[in-house]
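Morning, everyone. I'll take a few minutes to walk you through one structure, so have a look at the screen and then we'll go around it piece by piece.

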Amino acid sequence: MTTDSSDRTEHTVLVTYATARGSTAEIAESIGKRLRDNGSHVRVASVSEDLDPMLFEAVVLGSAIHNGAFLPEFTEYTERHRLALRLRPAWLFSVGMGPALRGPLGFPLRHYTPPAVAAVGRKMCALGYQPFAGVLRRPDDARTRIIVRLLGCRFGDLRDWQAIAVWADTITVWIDTRLPSTLFPARQESERSS
Ligand SMILES: Cc1cc2nc3c(=O)[nH]c(=O)nc-3n(C[C@H](O)[C@H](O)[C@H](O)COP(=O)(O)O)c2cc1C
């Protein structure tokens, strides 16, 4: 934990991510900003920085999905820090097409979690898992384009910033209510008497 100049306590949170083309990094930055605005002390970093989750009081981590799995460097990070992730309250997010699927073929698949993604959440004992829609570039090959269209998915920036902010707020509620209060005794005393 840290304290700012007014002795206000700030819980320390790591937001770490893996991205191939940048959309997941922007989602991680947005989650970090929201948690910061809500009063936490936040570090946003790529998994390539390999920050130790034990140095923070809570961890939010996420990756783009490619071919039904998290990016390899992300899965490797969760393996390397498996014990620390179990010891810290940790939340997992993915970035892919899922929440953007529509229509008779796409809708039933909206809530499908690829087994490789579910396995990461299970192993790290994530307190929550949230899939977000990402940025879907128009594929070069016609076959993939047709499949994506059949699943009712548009191409372009499909990110739902409001859903991302709401999810970050639920994490703040957990942090504020479950992590131990770290107020200095003197301040607690003055607050009791006011
Ligand atoms: C090669 C490739 C494979 C992908 N495979 C999947 C997939 O299996 N499931 C899915 O939901 N999205 C898939 N996507 C969509 C990406 O997850 C989506 O574009 C995401 O926003 C990429 O995040 P990034 O910009 O951080 O790399 C794939 C994209 C690419 C380029």
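Let's begin at Ser40, which sits in the loop between helix 1 and strand 4, the strand that runs over 41–46. Keep in mind as we go that this is a predicted model. Is Ser40 buried or exposed? With a relative accessible area of 6%, Ser40 counts as buried, because the cut-off for that is under 20%. So who is around Ser40? Leaving out residues up to four places away in sequence, Ser40 touches Glu10, His11, Val13, Leu35 and Ile175.

Okay, zooming out for a second. The protein chain has eight helices and ten strands. Of its 194 residues, 42% count as buried. If you take the contacts with a separation of 6 or more, 77% of them are between residues 24 or more positions apart. And for the surface people here: the accessible surface of the chain comes to about 10,600 Å², with 54% of that belonging to carbon and sulfur atoms.

Now the ligand. The space it takes up is the largest pocket. There are 18 residues surrounding the ligand, and the closest are Thr19, Arg21, Ser23, Thr24 and Val135. Which elements build that shell? At least two residues each come from helix 1 (23–37), strand 5, strand 7 (90–96) and strand 9 (135–136). Strand 5 gives the largest share, with three residues.

For the polar side of things, look at the oxygens of the ligand. One oxygen atom is 2.5 Å from an N or O atom in the side chain of Thr19. At Arg21 the partner is a polar backbone atom, and the distance to a ligand oxygen is 2.7 Å. Val95 also offers a polar backbone atom, 3.1 Å from an oxygen of the ligand. Altogether, the protein covers 80% of the 640 Å² of accessible area that the ligand has on its own.

Staying with strand 5, which covers residues 58–66, find Ser63 in there. Ser63 has a relative accessible area of 0%, so this one is buried. Setting aside neighbours within four places in sequence, its contacts are Ala18, Thr24, Phe70, Leu71, Phe74, Phe93, Ser94 and Val95. You've heard two of those names already: Thr24 is listed with the closest residues to the ligand, and Val95 is the one with the 3.1 Å backbone contact.

Next stop, helix 5, residues 115–123. Its buried residues are Val117, Ala119, Val120 and Gly121. What covers them? The cover includes strand 5 again, along with strand 6 (69–70), helix 2 (72–80), strand 7 and strand 8 (128–133). Just after helix 5, have a look at Cys125, which takes a positive phi of about 55°.

Last one: Arg137, in the loop between strand 9 and helix 6, which spans 142–150. Here the relative accessible area is 45%, so Arg137 is partly exposed. Not counting residues up to four places away in sequence, Arg137 touches Arg21 and Phe155. Arg21, remember, has that backbone atom 2.7 Å from a ligand oxygen. Arg137 and Asp157 are 20 residues apart in sequence, and their C-alpha atoms are 8.3 Å apart in space.

That's my tour. Over to you for questions.

Note on methods. Residues numbered from 1 in each chain as written. Predicted model: local features only at pLDDT ≥ 70, side-chain atom pairs only at ≥ 80, totals over all residues. Heavy atoms only, no water. Helix = DSSP H or I, 4+ residues; strand = E, 2+ residues; numbered from the N terminus. Buried < 20%, exposed > 50% of the residue type's maximum accessible area, 1.4 Å probe, protein only. Contact = heavy atoms within 4.5 Å. Near = heavy atom within 4 Å. Polar contact = N/O pair within 3.5 Å; in protein donor to acceptor, adjacent residues only side chain to side chain. Areas by Shrake-Rupley, 256 points an atom, 1.4 Å probe, with all protein chains shown as cover. 1 Å grid on protein atoms, 1.4 Å probe; cavity = no way out; pocket = protein on both sides within 12 Å on 5 of 7 lines; lining within 4 Å. Sits in = over half its atoms within 2 Å of the grid points.
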